[in-house]
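User: I have a model open and want to go through it. Can you take some questions?
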Amino acid sequence: MKGLLPIAIVVVVLASVPLIVHSNVVLNFLVVTLLIALAGQGWNILGGYGGQYSFGHAAFFGTGAYVTGVLQVRFGVNAWVGFAAGIAGAAAVGAFIGGLVFRARLRGSYFALVTLAFAEVLRIVASVAPITGAGVGTLIKLDLHARSFQFESRAVFYWVILALVAVSLVIAEMLERSRFGAWLIAVRENEYAAMALGVDVSLVKLGAMVLSAAITGAAGCFYAQYFLFIDAGIAYGTWISIEALLTPIIGGVGTVFGPLLGALVVKAFGESAKLITGDAPGLDLIAYGSALVLVIAFAPRGVIGAVADARNWVIRRSMAVRSLPREASRG
Amino acid sequence: MLSPVILIPAILNGLLTGAIYALVALGLTLIYGVLHIINFAHGALLSAAMFAAFFAYHQLGLDPYLAAFLLAPAFFAFGYALQRFVIGPASHGNDRNMLLVTLGIAIVIENALLYAFRADTRTIDVPYAFQTVDFGFTFLALPRVVGFAAAFVVALLLWLIMGWTDIGKAIRAVAKEKLGAELVGIDVAHVYAMTFGLGTACVAVAACLLIPTYYVNPNVGNAFILVAFTIVVLGGMGSVPGALIGGLIIGVVESLSGLFLGESLGQIGIFLIFIAVLLVRPSGLFGAKT
């Protein structure tokens, strides 16, 4: 598989970082970045390849986080089982929302709105329901053992989230090469044309939504294990819906590496905005919002697209220079 | 059963609040009707307008109802510029991009307010905040009655603009058939920006009507915007009478569900209506079937 080589290289390079850098601050930054990259890859499957822009991926992130946390705290379930259940729970929520929404043929603005509304309903429910700890939130007991999915060293957490990101990269790569991926891209480009060619549009979208929800849900599960605390505002908050869509759009929407690249850019950008101006509230988000507008205005295919355009431009320039004398002699 | 003594004021208060909701929704539905996108910056613009009204009163001593005459044109110009110079050029005529650009603007405005004014919640005390009007069978708060009346005046004005002016005709032409409008010489970018400006002006008026009885903080718009989305969907995206009636319905539903179920569950009631309408009849009560 040709496409797997770049993934392997990127993952190996990233995996070697903790061997060189021992700073917990840096590792923590990278863990959060990879977490956002994973959530963004989930969004990218549905939004990037399928063209369905969700504004409520917090619904899946939060469900993953809460299922993982609540199963451990209230039912004494093992953390690894809780993690798997969290992914399954997020996928189930994706199937439920997708089933309702795509059956009703909601697209564009309507789709964005209804996903936002589902995330908000879940947030309100989680902030009053006793099982989630309501306003107090859910605190997972500290137990630094591998069997509890808790590690003393940041580096281990880092490798775990990197492994999850690696899986998500492989999924995106395989999606691009699969028949299902071709159907999904056809739906994005022209729903009616896809329908005319015999693609079951609702089913394809539903499949993408479930896959998308599972990946973003996995990010939520990891969040719960890493920070050991969640409440409704964190798990189902709009921040994660925004970051999940921001990263692929900035990196390169509908590309394998877009979300990872976008997460690195966005987080580095946000952190440096904080460093330059002090820790004033809102500044990093001002930077994100402006970046979103600027990228759409000037680089609609994200960083990856901009790099490709620049490379093509250089190649075309050098070709033009080389072919110039020949053109002249022919004339 | 509750006695009518409690029920009737609850319904009337719901109608009064609903009128202001309707005003916020009116701007949203107007923009949707013409540009065919949801303006996700609407809530942030409402927060910004409420801050403007707050400081107009606090620094300049300007009564919020008078400030409306100042803020409406100012926000009209701001909305016009936003669409003409930011949203339009940045989105390259692509609907998905337009959604994201309005979201980006919302994030910037909201956090610029947070950065400038912090998360503190502020209120103003106008002398008439607690005055009531005697309607014979019940008493209603004066600011709410004013808000109700003003919302209808604005709706009437909007209706007159849309029906009887050249720009109104151009807006309706672009909403119906963009390419055709372009062919007969209508400047579509200008019409889009005018529409966005009018929608933003509605928000500014709503902010001035809200500030005497409501608080302001950088996130205040979010509380209204989801309600406004619901109203717009319920009334039918793009429908002006739909927004008015939808606003009144949602106001009453919120007031009654707050009475019977308590605050936080009352909020869920609105979302459930929203999702149900979207799933069952996305064209709403008054929207044309698409």
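User: In chain A, what share of the contacts with a separation of 6 or more comes from residues 24 or more positions apart?
Analyst: This is a predicted model. In chain A, 76% of the contacts with a separation of 6 or more are between residues 24 or more positions apart.

User: And how many helices and strands in chain A?
Analyst: Chain A has 15 helices and two strands. Its radius of gyration is 21 Å, close to the 20 Å from the globule rule for 331 residues, so chain A is as compact as a globular protein of that length.

User: What does the C-alpha trace of chain A span along its principal axes?
Analyst: About 80 × 50 × 40 Å. Of the 331 residues in chain A, 49% are buried.

User: Switching to the contact between the chains. How many residues does each of chain A and chain B give?
Analyst: Chain A gives 32 residues and chain B gives 35 residues.

User: Which elements of chain A give two or more residues to that side?
Analyst: Those are α6 (108-128), α12 (238-251) and α14 (283-298) of chain A. α6(A) gives the most, with 12 residues.

User: How do the residues on that side of chain A divide into nonpolar, polar and charged?
Analyst: There are 26 nonpolar residues, five polar and one charged.

User: Now the largest nonpolar core. Which residues touch the most other members?
Analyst: B:A49 and B:A53 do, in a core of 210 residues.

User: What does B:A53 touch, not counting residues up to four places away in sequence?
Analyst: With those left out, B:A53 touches B:P64, B:A67, B:L71, B:A207, B:C208 and B:I211.

Technical notes. Residues numbered from 1 in each chain as written. Chains lettered and ligands numbered in written order. Predicted model: local features only at pLDDT ≥ 70, side-chain atom pairs only at ≥ 80, totals over all residues. Core = buried A, V, L, I, M, F, W, Y, C linked by C-beta atoms within 7 Å. Buried ≥ 20, exposed ≤ 12 C-beta atoms within 10 Å, placed from the backbone. Contact = placed C-beta atoms within 7 Å. Helix = DSSP H or I, 4+ residues; strand = E, 2+ residues; numbered from the N terminus. Nonpolar A, V, L, I, M, F, W, Y, C, P; charged D, E, K, R; others polar. Rg over C-alpha atoms; globule rule 2.2 N^0.38 Å.
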